[in-house]
Amino acid sequence: IDSFTLHILAMLFMLCDHLWATLLPAQVWMTCVGRLAFPIFAFMIAEGCYYTSNVKKYMLRLFLFAIISEIPFNLIMGSSVFYPFHQNVLWTFLLGVLSIQIIEKAKKKQKKWISFFVVCLVLLMDFLLGTITMVDYNAAGILTVLLFYFFRKKTWISFAAQLVGLYYLNVVMLGNLYYPVTILGHHFEIAQQSFALLALIPIWLYHGEQGYHSKWFKYFCYAFYPVHLLILVVIWQWRIR
């Protein structure tokens, strides 16, 4: 799987989740499918930090589209133009990229104790910022980006770390909704966020190639988030009136 395919899959999974949140609330399976979107996007953000030719422009694009996306996101989450209690996911990714850049600069000092100290400080700050600013997926979202940054190599250790890390971030930190399941007479519960672990399948199939790429597609991926939110909220508000 190349980068182009991962982007298409992530956008489709995200669309499923947002359709459930607005127009199709009875289709619970859609939000379960939607759980796969965020880890894929977080992985691609971490990859983007390695491949972008200009990190400052990369962060500027995230910042601008985060601002553009805020009103459509607020209308869906709070039915209001201004809703300070939940920020859109692009702020999560921007904080993730900023954290990676701070760590990368610390690495250039060539002193392991400095790098270790900075990593610990960044993780603490991400936990606090993610909670205080109430960005999408909170601290767990920012830490997901860092998880894929720290363990991006295609080794069994990285695969195991991604699996364990995603389980902790999604089931332990974000697992507040469970579905009762009965198999062969045994009753147990599955956390809705545990479906996010299935995102590791396409991520592990990623072979590091970009695939189809062009300037219009790059900006289409950025614009898809606010545009599809705006379209959904317009249809949603029209239906309930």
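Helices here are DSSP runs of H or I, at least four residues long, numbered from the N terminus. Keep that in mind as you click around, and remember that this is a predicted model.

**Stop 1: helix 10 and its rings**

Start by selecting residues 215-240, which make up helix 10. Show the side chains of Phe 217 and Phe 220, two residues of this helix. They sit 3 residues apart, about one turn of the helix. How are their rings arranged, and what angle do the planes make? The ring centres of Phe 217 and Phe 220 are 6.3 Å apart with the planes at 25°, so this pair is stacked.

Now add Trp 216 to the selection. Together with Phe 217, Trp 216 forms an edge-to-face pair, with 5.9 Å from centre to centre and 80° between the planes. A pair of aromatic rings is described by the distance of the centres and the angle of the planes, and those are the two values to check in your viewer.

Switch on a surface and go through the three residues again. Is Trp 216 buried or exposed? Trp 216 has 54% relative accessibility, and because the cut-off for exposed is over 50%, it counts as exposed. Phe 217 comes in at 7%, which counts as buried. Phe 220 is partly exposed, with a relative accessible area of 35%.

Widen the view by selecting Phe 4, Tyr 212 and Phe 224 as well. These three join Trp 216, Phe 217 and Phe 220 in one aromatic cluster. If you want to keep hunting for rings afterwards, there are 21 aromatic pairs in the whole structure.

**Stop 2: a charge over a ring**

Next, select Arg 152 and Tyr 50. The charged end of the arginine, Arg 152, sits over the ring of Tyr 50, at 3.9 Å from the ring's centre.

**Stop 3: the cysteines**

Time to colour the sulfurs. How many disulfides does the structure hold? The count is 0. Pick Cys 16 to see an example: Cys 16 is in no disulfide, and its nearest cysteine sulfur, in Cys 32, is 11 Å away. Cys 16 is also buried, with a relative accessible area of 17%.

Then jump to Cys 49. Why is the sulfur of Cys 49 not in a bond with the closest cysteine sulfur, in Cys 221? The two sulfurs are 16 Å apart, which is too far for a bond; a disulfide needs the sulfur atoms within 2.5 Å. Cys 49 is buried too, with a relative accessible area of 12%.

**Stop 4: two helices crossing**

Select residues 89-107 for helix 5 and residues 138-150 for helix 7. The axes of helix 5 and helix 7 come within 8 Å and cross at roughly 45°. That makes helix 5 oblique to helix 7. Turn the view until you look through one helix at the other: helix 5 passes helix 7 in a right-handed crossing.

**Stop 5: the loop between helix 6 and helix 7**

Stay in this area and pick Met 134, in the loop between helix 6 and helix 7. Met 134 isn't a glycine, yet its phi is positive, near 60°. At 29% relative accessibility, Met 134 counts as partly exposed.

Tyr 137 is in the loop between helix 6 and helix 7 as well. What is the phi of Tyr 137? Phi there is about 70°, a positive value although Tyr 137 is not a glycine. Tyr 137 is buried, with a relative accessible area of 17%.

**Stop 6: three spots to finish**

Go to Lys 109, in the loop between helix 5 and helix 6. Lys 109 is exposed, with a relative accessible area of 55%. Draw a line from its C-alpha to that of Val 122, 13 residues along the chain, and you should read 16 Å.

Move on to Ala 199, in the loop between strand 2 and helix 9. Is Ala 199 buried or exposed? With 0% relative accessibility, Ala 199 counts as buried. Ala 199 and Gly 34 are 165 residues apart in sequence, while their C-alpha atoms are 10.0 Å apart in space.

Last, find Ile 8 in helix 1, residues 3-22. Ile 8 is partly exposed, with a relative accessible area of 28%. The C-alpha atoms of Ile 8 and Ala 161 are 25 Å apart, with the two positions 153 residues apart along the chain.

Terms used:
Residues numbered from 1 in each chain as written. Heavy atoms only, no water. Phe/Tyr/Trp six-rings, centres within 6.5 Å; stacked < 30°, edge-to-face > 60°. Buried < 20%, exposed > 50% of the residue type's maximum accessible area, 1.4 Å probe, protein only. Lys NZ or Arg CZ within 6 Å of the ring centre and 35° of its normal. Axes fitted to C-alpha atoms, helices over the stretch in contact; angles between N-to-C directions. Parallel < 35°, antiparallel > 145°, perpendicular 65-115°, else oblique. Left-handed = near helix turned anticlockwise from the far one by under 90°.
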